[in-house]
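The exercises below are to be worked with the sequence and the coordinates open side by side. Each one sets a task and is followed by a solution in steps.

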Amino acid sequence: MSAPDIHVSVKELRMLFPVKRGLRDRVLGVKQWVHAVDGVSLDLHRGECLALVGESGSGKTTLANCIAGSLVPVAGEIWLDDVMLARAGALTGPSARERARLVQVIFQDPTSALNRRLRVGSVLAEPFLVHKICNRAEATARVEALLARVGLPPETAEHYSHELNASQRQRVVIARALALEPRVLIADEPIAKLDVSMQGQILNLIDQLRRELDLSVIFITHDLSVVRQIATRVAVLYLGQLMELQETEAFFGSEGHPYSQALLRSTPRLRVTAEDGELHTIKGEIPSPIDVPPGCPFLSRCPEGDDDCGRTRPPLQARSAGGLVACFKRAAADLAATDGAATGSHG
Amino acid sequence: MRTAAVLSALRRDPALAISAGLVVIFVIIAVFGPWIAPQDPNQINPGSNYLPPSGDFWFGTDRSGRDLFSRLIVGTRMALLGAFAVVVIDVGLGTVYGLIAGYIGGRVDNIMMRIGDILLSFPALIMGVLFVAIFGPGLIPVVVGLALVYMPTAARVVRSQARIQTKEQYVEAGRLLGYSPLRIALRHVLPNCLSQIIVQASIVLAYAVVDLAALSFLGLGVQPPTPDWGNMLAEAQKSMLLAPWLAIFPALAIIILVLAWNVFGARLRYHLDPTERR
Ligand SMILES: Nc1ncnc2c1ncn2[C@@H]1O[C@H](COP(=O)(O)OP(=O)(O)O)[C@@H](O)[C@H]1O
Ligand code: SF4
Ligand SMILES: [Mg+2]
């Protein structure tokens, strides 16, 4: 297998938000932080679709916003090919206008993502005009081409967004994101606000666009059942930390991170049920992202955890079967297996 | 296409049609008043003073025998001119102020709004009096004074809407597409504040008509003998029992104008906002 072609590289990324403080904290001068993204390193391969999964509040959107350049990280680096996009405390490299032609975002709520005062035609022509790609007359043809690309008829240009249904609106948002021909597309829960009947179409559209345009896609979702349809790899976030990074097939097949397994068991549409055939919700409480526990963040809910897990943070380690997992137990099991195999071959 | 839409809105919405009709009539009277008025508003008719409404003098005559109807007609100009001037200055400044505060947010927003609060703490009439004390009586100082006291209210309304809009994802989408802050503020945020601005303008116009009349009533605004609803009311006060029509007709003029304008503003907002219709 050839080495993957790394397109975007996130290195030790950290993003903190100040907590809204009460009077007492202000008087005492206590400053607290939400650890939204807490030391995440991962690569996005060229042309792949990397699914970013995790429960609500796990830092998916924050990580995406850092990559898009909406947020300035507190620590770490973000690279796109050999250009540094951001480092601790600063956006680097390209200007906002240049960046717009590299990375674009598809938002969760297409209603909010479209200016309801503008017709679709104006919305889609604006990137061309602002970036002086063409004049107003030529923009019309380009808008039609964009609409066709996302499966909308040319008349859509005449409509206001509120005259469209949610799926059509999301198509317009996708079309706008494609206008500047970006290389990287971040889709932040793009189907979460759509009816189930429309979700499949949008999933297929994103998948098709990725192939046709050779886009590198980060697909954020908290719904594992869509991951299998669209993703080549899966990254699992928990409390702002990366728990597992795995090929999609392996993710659904192998004994992964205990948190991944809990997620799989709690996803109804997957019908991945435990031996007793029951659907399990993940028990226990998510620790506060303000006081992040020193050891494994998943310890408070992990069925396999013990005291050792609470001492230090489990490092992200390569598994013998491929992929990366941050779990002491899985690392130990892998080690035992390779040792066993090694002794076995000797004996 | 545009005209057709306006016509069909007028046909389907009688409240809009009637209020718009009244507003248009007031504007026509304001512009062409001197030609419409049956008599010279300052024509003194000795011996015809304090006449009740009749065929010759539709709304009666005042102390000097001047035709009240003609004075009301000609006075419309001052009422509307003053109020429109207040609205334009107030809403213009308030929109710029509120848009800046709302779009930038944070500390800038805080400081700008506190300054607005200080201005707001002046009662409108006191501010009018203050400006008259500094610049002398007349329409212009009174208009500027009123516009300044109303400004923070307009700014606050625009600011809070701008704040709401700035959190919408289309603003973030614009930033990610490399649009300039000015473009996002003017082309995206401002139009989404438009219905609030129109409502504010219609409210302020009504207040301005009343406050301007009050200041003229106090002798600070439009100076006699130039006819103005406020100074006509002031004069009427002296002969309330003898000639009540002198107070009734200017008061009615103020009430009808304010009502018509308020309804017009409300309907206009309804029709201007494409998402409010269905
Ligand atoms: N602008 C912000 N200010 C303060 N806290 C934030 C902000 N954005 C996100 N957070 C916090 O950061 C954590 C991660 O949020 P987010 O990235 O939105 O998670 P996800 O997208 O996975 O649901 C949450 O605890 C959230 O409350
Ligand atoms: S490190 Fe321990 S607590 Fe964390 S997931 Fe693995 S077994 Fe569970
Ligand atoms: Mg999110």
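Helices, of type H or I and at least four residues long, and strands, of type E and at least two residues long, are DSSP runs numbered from the N terminus. The model to which this is applied here is a predicted one.

**Exercise 1.** Determine how many helices and strands there are in chain B, and describe the chain as a whole.

*Solution.* Counting the runs in chain B gives 10 helices and 0 strands, and the order of elements from the N terminus on is accordingly written α-α-α-α-α-α-α-α-α-α. The next step is the extent of the chain, whose C-alpha trace spans about 80 × 50 × 25 Å along its principal axes. Of the 278 residues in chain B, 44% are buried. Finally, when contacts between residues at least 6 apart in sequence are considered, 68% of them in chain B join residues at least 24 apart.

**Exercise 2.** Establish which strands pair with strand 9 of chain A, and whether its faces are covered or open.

*Solution.* Strand 9 covers residues 216-221 of chain A, and 6 of its 6 residues are buried. In a regular strand the side chains alternate between the two faces of the sheet. Sorting the residues by side places A:Ser216, A:Ile218 and A:Ile220 on one side and A:Val217, A:Phe219 and A:Thr221 on the other, and both faces are covered. Turning to the partners, strand 3 (residues 49-53) runs parallel to strand 9 and is joined to it by 5 bridges, with A:Ala51 having A:Phe219 as its bridge partner. Strand 8 (residues 184-188) is likewise parallel to strand 9 and joined to it by 5 bridges, and here A:Leu185 has A:Val217 as its partner. The path from strand 8 to strand 9 passes through helix 8 (residues 196-213), and this β-α-β crossover is right-handed.

**Exercise 3.** Identify which residues surround ligand 1, and classify them.

*Solution.* The shell includes A:Phe17, A:Val34, A:Ala36, A:Pro289 and the residues A:Gly57, A:Ser58, A:Gly59, A:Lys60, A:Thr61 and A:Thr62. Strand 2 (33-45) and helix 2 (60-68) of chain A each give two or more residues to the shell, and helix 2 gives the most, with 3 residues. By class, the shell divides into 4 nonpolar, 7 polar and 1 charged.

**Exercise 4.** Work out how many residues each chain gives to the contact between chains A and B.

*Solution.* Chain A gives 22 residues and chain B gives 14. On the side of chain A that touches chain B, helix 3 (96-100) is one of the elements that give two or more residues, and this helix gives the most, with 3 residues. That side has 11 nonpolar, 6 polar and 5 charged residues.

Notes
Residues are numbered from 1 along each chain as its sequence is written. Chains are lettered from A and ligands numbered from 1 in the order in which they are written. This is a predicted model: local features need pLDDT of at least 70, side-chain atom pairs count only at pLDDT 80 or more; totals for chains, interfaces and linings use all residues. A residue is near a molecule or strand if its C-beta atom, placed from the backbone, lies within 6 Å of it. Ala, Val, Leu, Ile, Met, Phe, Trp, Tyr, Cys and Pro count as nonpolar, Asp, Glu, Lys and Arg as charged, and the others, Gly among them, as polar. Two residues are in contact if their C-beta atoms, placed from the backbone, lie within 7 Å. A residue is buried if 20 or more other C-beta atoms lie within 10 Å of its own, exposed if 12 or fewer, and partly exposed in between; C-beta atoms are placed from the backbone. Two strands pair if DSSP finds at least two bridges between them. A crossover is right-handed if, with the strands pointing away from the viewer, the path from the first strand over the helix to the second runs clockwise.
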